[in-house]
Amino acid sequence: SPSLYQSLQIWNNINDQKRKEQIAISLNNYLIRMTSRTTPFGLFSSVTVGEFGNETFINTNPLNHSVKRCKPDMQWLYKLIRKLEKDNSIFLGLNVMCNE
């Protein structure tokens with residue numbers, strides 16, 4: 001969320017306690033959504049290796065070092081197969097290819 005990010009950037013300069021509370025609630029809600037909902041096809045997810053320690057420190061690799069791996073969603077793939085099965089021109093094309 002760009003607006004939440006901008007609010008967090010100026011957090012130390014905000015004097016209005018009510019505004020800080022609103023930002024904290026927004027951040028909490030965002031974190032809850034981020035950790036409890038799946039993302040469509042996993043396009044926004046990633047996996048890395050970490051370790052537990054006494055301090056909280058999260059360091060991620062730059063995006064250009066990440067490898068993107070996508071797999072079609074099974075529901076989408078199922079719908080595609082059903083649509084192709086109903087298309088007789090595909091079967092006609094297969095018959096032509098098999099008889100040559």
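Welcome to this chain, whose accessible surface comes to about 10,300 Å², with 56% of that area belonging to carbon and sulfur atoms. Such areas come from the Shrake-Rupley method with a 1.4 Å probe, and for residues only the protein chains shown count as cover. This is a predicted model, in which local features need pLDDT of at least 70 and side-chain atom pairs count only at pLDDT 80 or more, while totals for chains, interfaces and linings use all residues. Residues are numbered from 1 along each chain as its sequence is written, and side-chain values use heavy atoms, leaving out hydrogens and water.

**Overall make-up**

- The chain has 4 helices and 0 strands, where helices (H or I, at least four residues) and strands (E, at least two) are DSSP runs numbered from the N terminus.
- Read from the N terminus on, the elements run α-α-α-α.
- Of the 100 residues in the chain, 5% are buried; buried means under 20% relative accessible area, exposed over 50%, and partly exposed in between (1.4 Å probe, protein chains only).

**Helices α1 and α2**

- Helix α1 (residues 2–9) packs with α2 at an angle of about 130°, and their axes are 11 Å apart. Here axes are lines fitted to C-alpha atoms, for helices over the stretch in contact, and angles run from 0 to 180 degrees between N-to-C directions.
- The two helices, α1 and α2, are therefore oblique to each other: angles under 35 degrees count as roughly parallel, over 145 as roughly antiparallel, 65 to 115 as roughly perpendicular, and the rest as oblique.

**A nonpolar patch**

- Tyr30, Leu31 and Met34 form a nonpolar patch on the surface, together offering about 270 Å² of accessible area. Patches take residues with over 30% relative accessible area and no salt bridge, joining like charges within 9 Å and nonpolar side chains (Val, Leu, Ile, Met, Phe, Trp, Tyr) within 5 Å.
- Leucine 31 is found in helix α2 (residues 17–36) and is partly exposed, with a relative accessible area of 38%.

**The loop after α2**

- Valine 47 lies in the loop between α2 and α3 (74–86), where this valine is exposed at 82% relative accessible area.
- Its C-alpha atom is 9.7 Å from that of serine 66, a residue 19 residues apart from valine 47 along the chain.

**A salt bridge in α3**

- The count comes to 1 salt bridge, meaning a side-chain nitrogen of Lys or Arg within 4 Å of a carboxyl oxygen of Asp or Glu.
- Glutamate 85 and arginine 82 meet through their side chains in a salt bridge (2.4 Å, N to O).
- These partners, glutamate 85 and arginine 82, are 3 residues apart in helix α3, so about one helical turn separates them.
- Glutamate 85 is partly exposed at 41% relative accessibility, and arginine 82 is partly exposed at 33%.
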